[in-house]
Amino acid sequence: MERVKAELRKGNTQMARQRLAEVRELRKEEELAAFITDDALGALEDLISTMPPAAEQVLKNATNSPFSALGIERQQQARILNTVNKRAMLKNYRKLALKLHPDKCEHEMALHGMQALNAAYEKLTKPAKAAGPKAGAKR
């Protein structure tokens, strides 16, 4: 059952459904029937089916593409963040934050989505901090 939640934390609902089907198959074995209850399986199914689309988008893209996590098309020619890009990024960040904030959204994965959203936003707005000191810079 932890595998199902792990897939949800990655934003992969299809794989979570497959993992849930595997858990149901395992439950058919007499030894595991006592450990996996119908209520637990129902709760996992509800968790998968009620996952907010914003959380799925953020969790799916936060580690690989922070721009996609924020719902922004990255322009190939824009190597630095100009004012327009920063405004669009801030606007999308605030919209997603309102949807995913744990006080507004009671879904269990909303907290993980909010954490991933914050990490993606920080990665984009503070790239120098993430990269560390510049090589060859004088002190």
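Let's start at Glu2, which counts as exposed because its relative accessibility is 55%, past the 50% mark. Keep in mind that we're looking at a predicted model. The side chain of Glu2 meets that of Arg9 in a salt bridge, with N and O 4.0 Å apart. Arg9 has a relative accessible area of 33%, so this partner is partly exposed.

Now move to Lys5, which pairs with Glu108 in another salt bridge, and here the closest N and O atoms are 3.7 Å apart. This one links distant parts of the chain: Lys5 sits in helix α1 (residues 2–9), Glu108 belongs to helix α7 (residues 108–125), and the two positions lie 103 residues apart in sequence numbering. How accessible is each end? Lys5 comes out at 22% relative accessible area, so it's partly exposed. Glu108 is partly exposed too, because its relative accessibility is 38%.

As for the background, side chains of opposite charge can pair when their charged atoms come close. Over the whole model, the count of salt bridges comes to 7.

Next up is Arg24, whose salt bridge with Glu45 has its closest N and O atoms 4.0 Å apart. Arg24 lies in helix α2 (residues 13–27) and Glu45 in helix α3 (residues 38–49), so this pair ties together parts of the chain 21 residues apart in sequence. With a relative accessible area of 38%, Arg24 is partly exposed, and Glu45, at 26%, is partly exposed as well. The pair isn't on its own, either: Arg17 joins Arg24 and Glu45 in a network of salt bridges.

That leaves the way α1 and α2 sit against each other. Two packed helices are described by the angle between their axes and the distance between the axes. For α1 and α2, the axes come within 8 Å and cross at roughly 175 degrees. Angles over 145 degrees count as roughly antiparallel, and α1 and α2 are therefore roughly antiparallel to each other.

Which residues make the contact? On the α1 side they are Arg3, Val4, Glu7 and Leu8, while α2 brings in Thr13, Met15, Ala16, Arg19, Leu20, Glu22 and Val23. Sorted by character, the residues of this contact divide into 6 nonpolar, 4 charged and 1 polar.

To pull the threads together, helix α1 packs roughly antiparallel to α2, and Lys5 of α1 is also linked by a salt bridge to Glu108 of α7. Helix α2, in turn, is tied to α3 by the pair Arg24 and Glu45.

Key:
Residues are numbered from 1 along each chain as its sequence is written. This is a predicted model: local features need pLDDT of at least 70, side-chain atom pairs count only at pLDDT 80 or more; totals for chains, interfaces and linings use all residues. Side-chain values use heavy atoms; hydrogens and water are left out. Buried means under 20% relative accessible area, exposed over 50%, partly exposed in between (1.4 Å probe, protein chains only). Helices (H or I, at least four residues) and strands (E, at least two) are DSSP runs, numbered from the N terminus. Axes are lines fitted to C-alpha atoms, for helices over the stretch in contact, and angles run from 0 to 180 degrees between N-to-C directions. Angles under 35 degrees count as roughly parallel, over 145 as roughly antiparallel, 65 to 115 as roughly perpendicular and the rest as oblique. Contact means heavy atoms within 4.5 Å. Ala, Val, Leu, Ile, Met, Phe, Trp, Tyr, Cys and Pro count as nonpolar, Asp, Glu, Lys and Arg as charged, and the others, Gly among them, as polar.
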